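Student: Please take me through one part of this model at close range, strand by strand if you can. I would like a single connected account that I can follow on screen.

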Amino acid sequence: MSGSNSFRGLTGAQSDIIEYWRSLRPPLGLPTRGQLDPGVLRAHLSSISMIQVEEQGSLRFRFAGSGLRAALGQDVSGKRLQDLSGASVDMLSLGITAAIERQAPVGGVIERTRDRQVWLRLPFSGSDGEGLVILCHDVLVREELSQPSGRMSPGMSATRTSLAA
């Protein structure tokens, strides 16, 4: 997919991360994992996880920020997403397929009882040019969300998440 996707993020953090991703993206293809500079994303690292798409389709955590570890009650680094259960899998798997298919940022909101989960998925090619890595940004928010200079990903709804097939 070309860079025509107009999703720019629902929060300031998402907008910052998407802008950085776009600055790394070559005219054709995806930015590589090797281009990522954690220092640029320092303010957001606690909410970031990196998921490797393995050859057989498994999704494995390569990195999980402290916020994700606290939310899940465990360190998931090195674990497969398929090995987790319940709401954790639902929360983290949102948008991964869409990010891979669209080769563009996707995001949305899940309304929860006391808060909202605002999520973002960005695809990267592996450092060796093979395989894919998905940068995930997940934050729980209680305040109202704005949509800075953009809108939600196509197929997303502000009150419930639904990805177009």
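Tutor: What follows is a close look at the sheet and what packs around it.

First, some ground rules. This is a predicted model, in which local features need pLDDT of at least 70 and side-chain atom pairs count only at pLDDT 80 or more, while totals for chains, interfaces and linings use all residues. Side-chain values use heavy atoms, with hydrogens and water left out, and residues are numbered from 1 along each chain as its sequence is written.

The chain holds four helices and five strands; helices (H or I, at least four residues) and strands (E, at least two) are DSSP runs, numbered from the N terminus. Read in that direction, the elements go α-β-β-α-α-α-β-β-β. The five strands make an open sheet in the order β2-β1-β5-β4-β3, with antiparallel pairing. Here two strands pair if DSSP finds at least two bridges between them. The edges are β2 and β3, each of which pairs on one side only. On average, neighbouring strands of this sheet are turned by 25° against each other, direction ignored. As general background, strands of a sheet pair through backbone hydrogen bonds, either parallel or antiparallel.

Let's walk across the sheet from the β2 edge. Strand β2 (residues 59-64) pairs with β1 in the antiparallel sense over five bridges. Two places to look at are Gln52, opposite Arg60 in β2, and Ile51, whose bridge partner in β2 is Phe61. These two strands form a hairpin with five residues between them, and Gly57 in the turn has a positive phi of about 95°.

Strand β1 (residues 48-53) has six of its six residues buried, so the rest of the structure largely encloses it. Buried means under 20% relative accessible area, exposed over 50%, and partly exposed in between (1.4 Å probe, protein chains only). In a regular strand, side chains alternate between the two faces of the sheet. In β1, Ile48, Met50 and Gln52 point one way and Ser49, Ile51 and Val53 the other, and all are buried. On its way to the next strand, β1 joins β5 through six antiparallel bridges, with Val53 standing opposite Leu132.

Strand β5 (residues 132-141) in turn pairs antiparallel with β4 over ten bridges; Pro123 and Ile134 of β5 face each other there. His137 also sits in β5. His137 is buried, with a relative accessible area of 2%. Leaving aside residues up to four places away in sequence, His137 touches residues including Ala13, Gln14, Ile17, Ile48, Val118 and Leu120, where a contact means heavy atoms within 4.5 Å.

Strand β4 (residues 116-125) is mostly covered, with ten of its ten residues buried. Arg116, Val118, Leu120, Leu122 and Phe124 point one way from β4, and Gln117, Trp119, Arg121, Pro123 and Ser125 the other way. The last neighbour is β3 (residues 106-111), which pairs antiparallel with β4 over six bridges. Val106 has Arg121 as its bridge partner in β4, and a hairpin of four residues connects β3 to β4.

Now add the helix. Helix α1 (residues 12-24) lies across β1, β4 and β5, running at about 5° to β4. Axes are lines fitted to C-alpha atoms, for helices over the stretch in contact, and angles run from 0 to 180 degrees between N-to-C directions.

How far can you lean on each part? The pLDDT is the predictor's confidence in each residue, from 0 to 100. Its mean over the chain is 79, and 78% of the residues reach 70 or more. Confidence is highest in α1, at a mean of 93, and lowest in helix α3 (residues 87-93), at 69. Over residues 1-5 the pLDDT is below 50, and this stretch has ten contacts in the model beyond near neighbours in sequence. Residues 148-165 also stay under 50, with 47 contacts beyond four places in sequence.

Finally, the whole chain: buried residues make up 44% of its 165 residues. Among contacts between residues at least 6 apart in sequence, 52% join residues at least 24 apart.
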